[in-house]
Amino acid sequence: SNTHNRFHPINNIPLLTIFNTIHKTMASDDLPSYCRVDEDQWNTLPASATAFVELLDLPKVHPRCLDDFVERFSNPIPIPDEEMHMNMHTHMHADDNFYERTDGIGSRIVTILYQILPPLMAMGELWIRLFACVIAPLVATMLLSKVLSSSSKSKSKDVDNVNVNENVNDKDDANARKTERRWFMLSVLGMLASAVQLTDTMYVQEYGRWNGSILLAVTSLLSTRLAVSQFQIYKSKTIVAVIAVLSLSGYLVSISERSESSVYGDPALDVATIQSGLYLSTNNTLMTRVAELWPEEERTYAPYPLGASPLPTGDSRTGIPFLVNAAPHQEYHRVWAQSSVDDEAVAIDMAFPNDGHSDTKPIYFILHGLNGGSHEEYVREFVVRRVKEGSTCMVMIARGLADTPVFGFDVFHGARVTDVHDASRYIRNALGQNQILAGVGYSMGAIILSNYLARYGEDVHLDSGMAVSGGLDLREMYNSYRSQRLWQPMLAQTLLEDFVLEKFEGRFRQRLTKEQFLALLRSKSVSEVDVRGIVS
């Protein structure tokens, strides 16, 4: 068992002595970022915002930077030897703790491939899926133009040119090879994009299978015609590619159309088991009244309303706006909220209107997504809009994320809601009379917010909650092959690099066995990282 058995000697020294020594021997610029305060920035706050901060009664630095921390929380938290060395930029690690260094070149290569190939494959597939609606018809048009043009040229050939010179020089042969290669690759790309529209969950749920069927048939026929009539080198390769794409498409369609109780686990179509609609408890009189005031004809769920967006699928409506838009800069002021269940703390980044804090406008308590923080563009976009309306926004940084510290072994995981409860309690105590505290969660933050509201019920410190793009039942994700293959590998890679290896590697190594840690390094999805790194 590779459990908590090696602690750094620093834990035998009183923390009060340590922090006093740090403050005496280090310049302010040398202190950790969570122990520094920019007084010039705080002095720019309007008087009303300063008064609200005083009501919060939260420190501007991490509680561990305060001299009275040991008096309030006397249990020292052991920090792993290896991580202490990492933080001091010492690279003399023991091989028994970094066992993969002596595990053989083959095992190391396998681990690297696990970390590189799934994200690369997911990225390539995602780009094709995002733009399949443009690529497929565009390639079909180009192929049709090429076939018609070649046919016209062939008919207009002069009789004297029928006998072609068989002694083609090397330069002409190389040019012909390049031309065939370009059209071969273009044909394959067009067929794959057409197959995506025929088999992909998003396209099929939006438009059915007819668009993809027609485009796949057209691109396959034109590719075959072009290969037979003009190709020499890539003729057989093109025919093989056509057969392969058609066979794969037929297989994916057939298994997704089976009349089974569930098609989960099939690599074709992930069918939603929860239908879109308005769900509420009829025992909740408030929600029942809200539903009565909300006309049913104004509840738009699916299909996506025509003309609402020029983008064809949920993937493109998520990815493309994120790529082409940029949220404006937002300045924050940070305070720290102490956990009530352990010695950790979470940061709260506050954004105030230019004219100061209002005790009548709603306060928005925001939970960001996985690997994020207050800097996330969709968080900033929301904050900027609400601040312009005169509301104060408070973004809680999830434990250990966005360069915030964790001193024990209880690092971030998406099932923890106690930090949300503690942070919102501090804010609730500073609210004005009849002031509303509204919770807003994005992605993983939406999942945590929904979980918090469900688990705490009447004891929540929020007046309302809005979950944006978060799952209601995450057990579904374990069966969503598309999500695990398409979106999660990139998130998992970022988690492993930024969270597991760069920040908390020592703690994971001590808590997990060698086999468990190696399995964690080879995780291909967020679900696997969660099971192997947090649950294990």
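Which residue of strand 5 does Ile366 stand opposite? It's Val440. That pair is a good way into this predicted model, a protein chain with 20 helices and six strands. Of its 536 residues, 42% count as buried. Let's start with the sheet, then move on to two buried residues, the annotated stretches and the confidence scores.

**The sheet**

- The six strands form an open sheet, and if you walk across it you meet them in the order 1-2-4-3-5-6, with mixed pairing.
- At the edges sit strand 1 (333-338) and strand 6 (464-468), each of which pairs on one side only.
- From one strand to the next, the twist averages 25 degrees.
- In general, the strands of a sheet are held in pairs by backbone hydrogen bonds, and the pairing can be parallel or antiparallel.
- Here, strand 3 (residues 363-367) and strand 5 (residues 437-442) go for the parallel sense, with five bridges between them.
- This is where our opening pair belongs: Ile366 is across from Val440 in strand 5.

**From strand 5 to strand 6**

- Strand 5 also runs parallel to strand 6, and five bridges join the two.
- Want one spot to look for? Ala438 has Ser464 in strand 6 as its bridge partner.
- To get from strand 5 to strand 6, the chain goes through helix 15, making a right-handed β-α-β crossover.
- Helix 15 (residues 444-456) lies across strand 3, strand 5 and strand 6, and it runs at about 135 degrees to strand 5.

**Two buried residues**

- Find Gly400 in the loop between strand 4 (393-396) and helix 14 (418-428).
- Is Gly400 buried or exposed? Its relative accessibility is 3%, so it counts as buried, the cut-off being under 20%.
- Gly400 and Phe412 are twelve residues apart along the chain, and their C-alpha atoms are separated by 5.9 Å.
- If you skip its neighbours within four places in sequence, Gly400 is in contact with Val406, Phe499, Lys503 and Phe504.
- Asp422 has its place in helix 14.
- With a relative accessible area of 4%, Asp422 is buried too.
- Not counting residues up to four places away in sequence, Asp422 touches Gln338, Ser339 and Ser340.

**Annotated stretches**

- An unreviewed UniProt entry carries the annotation "transmembrane region" for residues 126-148 and 183-204.
- In the model, residues 126-148 are 100% helix and 0% strand, with the end C-alpha atoms 32 Å apart.
- Residues 183-204 come out at 95% helix and 0% strand, and here the end C-alpha atoms are 28 Å apart.

**Contacts and confidence**

- Among contacts in the protein chain with a separation of 6 or more, 74% are between residues 24 or more positions apart.
- The protein chain averages a pLDDT of 80, and 78% of the residues score at least 70.
- Where is confidence lowest and where is it highest? The low end is helix 1 (residues 15-25), at a mean of 42, while strand 3 is at the top with 98.
- Over residues 84-96 the pLDDT is below 50, and this stretch has 16 contacts in the model beyond near neighbours in sequence.
- Residues 259-268 also stay under 50 in pLDDT, and the model gives them 23 contacts beyond four places in sequence.

How values were computed. Residues are numbered from 1 along each chain as its sequence is written. This is a predicted model: local features need pLDDT of at least 70, side-chain atom pairs count only at pLDDT 80 or more; totals for chains, interfaces and linings use all residues. Side-chain values use heavy atoms; hydrogens and water are left out. Two strands pair if DSSP finds at least two bridges between them. Helices (H or I, at least four residues) and strands (E, at least two) are DSSP runs, numbered from the N terminus. Axes are lines fitted to C-alpha atoms, for helices over the stretch in contact, and angles run from 0 to 180 degrees between N-to-C directions. Contact means heavy atoms within 4.5 Å. A crossover is right-handed if, with the strands pointing away from the viewer, the path from the first strand over the helix to the second runs clockwise. UniProt positions are given in the numbering used here, feature names are shortened, and annotations may be inferred rather than shown by experiment. pLDDT is the predictor's confidence in each residue, from 0 to 100. Buried means under 20% relative accessible area, exposed over 50%, partly exposed in between (1.4 Å probe, protein chains only).
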